Each structure stands twice: as C-alpha cells, then as structure tokens.
Amino acid sequence: MKSYRRLAILSATALVLISGCGRDATDIEQAQPGSPQSAVPAVSGEFADLGSVCGKGAPTKASAQGVTADKIAVGVFSDVGFTKNPEFVDAAKVFTSWCNDHGGIAGRELEVKVRDANLTEVRQRMREACRDDFALVGGGTGLDSLGVKDRLSCLLPSYPAQVAQTGSIAADLEVSASPSALPLHDIQTGFRRWLITEGYPDSIGRIGMVDADSPVTKVLADKSSETLEGLGATIVYHDRYPVAGVSDWTPYAHAIKEKQVRGLIFNGQPSQLPKLEEALTQIGYRPDWIDATNNNYTPSFAKAVGGSASFQNNLVDLGGVAPFEKADSVPALRRIEAMFAQYLPGKSEITFPQLRAMSAWLLFAKSAASCGDNLTRRCVYEAALSNTSWTAGGLHAPVDISNRENPVKCFNVEQATSDGWKPVDLGTGTELYRCGVDNYKFTADYGKPATLGDVGKSMTEFE
C-alpha cells in the first residue's frame, strides 16, 4: 500500500505541474536535406523583431563539451514514459529543423538528445546529459529537483520551457526565458489582485480551493493562500481530492455551495476539473469565477466541460504570453504557426507550454550565435543574462532575464466560452498585457533553489 500511494503521489505531481514529455532518449528525427519538408524552407530565417536567429558560418573549434566544428549537442528533458505527451520534443524538432535549414548556430548544426526521465529517472538522465550535452534547452520534467544537484555538479546550464519544483525554480545556471514560477514572489499576483478587487470584487471574502493530494500541490496551495490573504481575501473552503481522481464530484460540489464560494482555485489534473464543473452545474451552482490554471488553456478544455462552458466562468492567467486568439496581430505567433505547419505537418494544435519552449530555444540560439566560433557555456549564459527585456521577438511581455527573483511584471487573462477561449478586456486598450505589477513576496519558507555552493562549486569553475 505504501508503494502504491507513493507512485500515486508522484503521478499527481507530474500531471499537475508539467505536461511536456518526449519519446526515446535518442536523437530527434529531423527533416533531412532533400526531403519534402526541408528541400525549400518555406519559413524564412527571420523571426519577428529578433531578425536572423540562425545562419551560416565557418566554425573551426571544438570549443566545449558537446561542441564540435560541425554540431552542438543539446539535451531536452521530458517524461516520455509517463505522460506520453510529445509537446516539448515536437517543439525541439520544429525549432532545430528550422534553425538547421537556415545554417544552424553560426554554421553549427543543432543535434538534440531527448532525455526521457520517465518521471522518476531524472538523475539517470541528468548524468547522461552531464556526460554528453553542451546545454539543456526547451524541456521540463515533473520531478526536476531530483536532478538539479547533479546538473550543478557538472556545471551544465539549463534553459527550460518549464520548471516545477522548489529546488529547480531559479536554481543556479538555470535561465527561464518565460518563467512559469518564481522562487520568492507569486508570479500570479496581478491576476489574483484583479480577480478580487476589479473583476469580481464580491468574491474577496469567499475564496475556495480544491487541490490534488500531493506534496507539490500542497506547496502551490499554501503559496496561493498566502498571497490571497496578503491581498485581503478570505479563504472559506479548502479541500483535497485523492490523486487517483474522483468518480463522483457531487460531495465536493455541495460543499462548495454550502460555503457559498464565490471564487474557486483548482490545482489538479486537467482531466478532473471538467468533472467537478459538471457536478456544480448539475446542482445549479456557479461561483463568480474559477481559476482553471493555464494547464487548461487548450481548445480541448472547452469541449471537455461541455455545457458547463456557457454556465461556469473559467479564467486563466497566461502570465504575459501572447494568446493564440491574437495571432493575426502578433508576428511571432504567426511565425511559430508557420514553422509548425512546415516541420510538423498534421499537428492539430500548438500548446501553451510549447510557446514557452520556443522562447527558450530562441534565447539559447540568439545567445549562442553571438559567441561565434568561441562557443562556450559561459559565453552563452552571460549573453542570455544580458537580456533585460526579453520578449522572444514579441511572443510575450518583457522578461528581465538578469533578475532571477522577480523578472515578470505583466499578466493577461483568458476566459473559456462555448466558442473557445477569448481574451478578457483588462482596460489596456490595444496592449495585450497589463504591466507594472508589484508581485507579492512570500513570507513563509517554501524551500530554496539549489546553488553551486550546495555542491561545492562556484562560478569561477564555469567555463
């Protein structure tokens, strides 16, 4: 029973916090020269206002581990054996195929290794990456903190699409191009403040929370509670459900109704929220809002909630990332759509985590290209940190890469409707985001990110 419970807890951790995964721990299959996909690069080498990201060159040096005069070995972490969702691997295939078609990184071809952590095998895959890879880019795994000390011990830099656990969030030698979490501040402060003071002020005194019963979601819930109470809200209901899921959500729905919850936050598997909402709809109860979290920012979510989509009010915070619905006015989104259409034809939809992955790839590629022939880990890392207003070519609001503790000051909100997701008017006119947010700083101790000092290393050894 103890083994089964531990596996269930780990399962919930991965499902709640990270959805990206891959295939086997091998090279990604890319379009080969002369194939129908690569014979004529339909998408130019320019990326929105970043200009040329990839291009030709004449490198001569094997300047670092994983770097030769011809190639750069890059690792992509995933949980292929667990979630079966290839979004991070697909994003890597699209970006690297596009980049290599246009000359690679100053003439060096990107060669990607998928590091399949299979949820619990993070340390094994990290040791392989330490042996072979120049850097980790555009991936993520649900139990990422298990490998962070190994990564720091071998001085391996990481440019992830997403981070999940406290030890990994803003750890040393980790650069988040589009942060999904912060170590000391609540990245959703702007959204939470808007909900309870502007969007739905009557909900401020009656907030409810439902979480999957796992250690990681418990930390998420504690952080959310602290922020909301710090902003003046009152939590009137807080419950957890078994990590294996719930067959009948009716008791939870009745409890939410009895407590007269006006604002509901759900931290759990995306597949479970539509079931809870169906139960709420069946008893005729509608909170003012439900924070579905951006794990549910997919076309399939509205379909999953069915008739509840027009009854329940689902909102998500995209944290300053351009919404798909605005692609016509966002050149960076249009470029990504064109890249996926060419290098991953037949894919039905691009996911929100893939947008974060593309930002990570763009930051890495742009930074690496600036190093020229003398391509070293330190050069790329320092070039990335020099970006104090990184937007990935207009894909998201400005991120101060140099500020590890509080680099994001913008948010934007999407609402689920029977016709799909729609941007919420935040009174910003033609601007996609509301910025200038003063993010709440946590007072409780939720753990700290890993440092080089934790493994007896220092930046003087980083080359």
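At what angle do helix α8 and helix α9 pack, and how far apart are their axes? The points below address this and related features of the model, which is predicted.

1. Helix α8 spans residues 250-258 and helix α9 spans residues 273-282. The two helices pack at an angle of about 60°, and their axes lie 8 Å apart. Because angles of 65 to 115 degrees count as roughly perpendicular and those under 35 degrees as roughly parallel, α8 is described as oblique to α9. The crossing of these two helices is right-handed.

2. Which residues bring α8 and α9 together? From α8, the contact involves Thr250, Tyr252, Ala253 and Ile256; from α9, it involves Leu276, Ala279 and Leu280. Sorted by class, six residues in this contact are nonpolar and one is polar, while none is charged.

3. The model contains an open sheet of seven strands, arranged in the order β6-β5-β7-β8-β9-β10-β11, with mixed pairing. Strand β6 (235-241) and strand β11 (420-423) form the edges, each pairing on one side only. On average, neighbouring strands of this sheet are turned by 25° against each other, direction ignored.

4. Within the sheet, strand β7 covers residues 263-267 and strand β8 covers residues 289-291. These strands run parallel and are joined by three bridges. Isoleucine 265 has aspartate 291 in β8 as its bridge partner.

5. Two helices may be considered in relation to this sheet. Helix α8, described above for its contact with α9, also packs on the sheet, where it touches β5, β6 and β7. The direction of α8 makes about 170° with that of β6. Helix α7 (residues 215-230) lies across β5 (207-212), β6 and β7. With respect to β5, helix α7 runs at about 165°.

6. How many disulfides does a search of the whole structure find? The search finds four. A disulfide is a covalent bond between the sulfur atoms of two cysteines. One such pair is cysteine 54 and cysteine 99, whose sulfur atoms are 2.0 Å apart. The link is left-handed, with -105° about the S-S bond.

7. Where in the chain do cysteine 54 and cysteine 99 lie? Cysteine 54 belongs to the loop between α1 (2-17) and β1 (71-78), whereas cysteine 99 is part of helix α3 (residues 87-101). The two cysteines are 45 residues apart, and the pair links distant parts of the chain.

Note on methods
Residues numbered from 1 in each chain as written. Predicted model: local features only at pLDDT ≥ 70, side-chain atom pairs only at ≥ 80, totals over all residues. Heavy atoms only, no water. Axes fitted to C-alpha atoms, helices over the stretch in contact; angles between N-to-C directions. Helix = DSSP H or I, 4+ residues; strand = E, 2+ residues; numbered from the N terminus. Parallel < 35°, antiparallel > 145°, perpendicular 65-115°, else oblique. Left-handed = near helix turned anticlockwise from the far one by under 90°. Contact = heavy atoms within 4.5 Å. Nonpolar A, V, L, I, M, F, W, Y, C, P; charged D, E, K, R; others polar. Pairing = 2+ DSSP bridges. Disulfide = S-S within 2.5 Å.
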